[in-house]
Amino acid sequence: MPNAYVMIHLEITNREEFISGFASKIPALLAEFGGKALTSGPDAEVHFLENQVTDRQADVHAIFEFPDKESALAWRNSEGYKTILPHRTNNTTNTYFAIVDGLGD
């Protein structure tokens, strides 16, 4: 069964609330579902940008890896995630969020 990946790109409108209410909670929540961060989120350095929609640089580029799509979906649908989700949606804009399957072995 292939790994699954969560890809998130977004612009932060209230950094303090986003970090304290959402981003700071993500590492522990990922671990609960076997996930791990592959990028450094709000602190990731971007070396190339192509954005045909807004031509602006997003503030967060995050990639999370899970053992399978069931784990990724369970993480996204968990009560823990639902609890912190408003801290993301109320403090960001221009969000891209996707869960995709990896290629497998």
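This is a short talk on the sheet, the aromatic cluster and one pocket of a predicted model.

I'll start with the sheet. It is an open sheet of four strands, the order is 2-3-1-4, and the pairing is antiparallel. At the edges stand strand 2 and strand 4, the latter covering 92–101; each has a single partner strand, so one side of each is left without a neighbour in the sheet.

Now the pairings one by one. Strand 2, residues 36–37, pairs with strand 3 in the antiparallel sense over two bridges. Here Ala37 stands opposite Phe64 in strand 3. Strand 3 also pairs with strand 1, again antiparallel, over seven bridges. Within that pairing, Met7 stands opposite Ile63, and Val6 has Phe64 as its bridge partner in strand 3. On to strand 4: eight bridges join strand 1 to strand 4, and the two run antiparallel. Val6 turns up here as well, with Ile99 as its bridge partner in strand 4. So much for the register; please keep Phe64 in mind.

How much of strand 3 is buried? Six of its seven residues are, so strand 3 is largely enclosed by the rest of the structure.

Next, the aromatic side chains. How many aromatic pairs does the structure hold? There are seven. In the pair of Phe64 and Trp75, the ring centres are 5.7 Å apart and the planes stand at 80°; an angle over 60 degrees counts as edge-to-face, so that is what this pair is. Phe64 lies in strand 3 and Trp75 in helix 3, residues 69–77, so the pair ties together parts that are eleven residues apart in sequence. Phe64 and Trp75 are both buried.

Trp75 has another ring partner, Phe66. For Phe66 and Trp75 the centres are 5.4 Å apart and the planes are at 45°, so this pair is tilted. As for accessibility, the cut-off for buried is under 20% relative accessible area. Phe66 comes out at 1% and therefore counts as buried. Trp75 is at 0%, so Trp75 counts as buried too.

Taken together, ring pairs link Phe18, Phe22, Phe64, Phe66, Trp75, Tyr81 and Phe97 into a cluster. There is also a charge to mention at Phe97: the charged end of Arg76 sits over the ring of Phe97, 5.6 Å from the ring centre.

Let me move to the pocket. In general terms, rolling a probe the size of a water molecule over the atoms shows where empty space is left. The pocket I want to show is the second largest, with a volume of about 220 Å³. Its lining has 17 residues, and the closest to the pocket centre are Ala23, Ile26, Gly41, Pro42 and Phe64. Phe64 is thus a residue of the pocket lining as well as of the ring cluster.

Which elements each supply at least two residues of that lining? They are strand 1, residues 4–12, helix 2, residues 26–32, and strand 3, residues 60–66. And what is the lining made of? It divides into 13 nonpolar residues, four polar and no charged.

A few single residues to finish, beginning with strand 4. Asn94 is found in this strand. Its phi is near 50°, a positive value in a residue other than glycine. At 34% relative accessibility, Asn94 counts as partly exposed. Thr95 lies in strand 4 as well. Thr95 is also partly exposed, with a relative accessible area of 37%. In sequence Thr95 and Ile8 are 87 residues apart, and in space they are 7.2 Å apart, C-alpha to C-alpha.

The last residue is Glu32, which lies in helix 2. Is Glu32 buried or exposed? With 59% relative accessibility, Glu32 counts as exposed. Glu32 and Ile99 are 67 residues apart in sequence and 17 Å apart in space, again C-alpha to C-alpha.

To recap Phe64: the bridge partner of Val6 in strand 3, opposite Ala37, in an edge-to-face pair with Trp75, and among the residues closest to the centre of the second largest pocket. That is what I had to show.

Conventions
Residues numbered from 1 in each chain as written. Predicted model: local features only at pLDDT ≥ 70, side-chain atom pairs only at ≥ 80, totals over all residues. Heavy atoms only, no water. 1 Å grid on protein atoms, 1.4 Å probe; cavity = no way out; pocket = protein on both sides within 12 Å on 5 of 7 lines; lining within 4 Å. Points joined across faces, edges and corners; volume = space filled by probe spheres on them. Nonpolar A, V, L, I, M, F, W, Y, C, P; charged D, E, K, R; others polar. Phe/Tyr/Trp six-rings, centres within 6.5 Å; stacked < 30°, edge-to-face > 60°. Buried < 20%, exposed > 50% of the residue type's maximum accessible area, 1.4 Å probe, protein only. Lys NZ or Arg CZ within 6 Å of the ring centre and 35° of its normal. Pairing = 2+ DSSP bridges.
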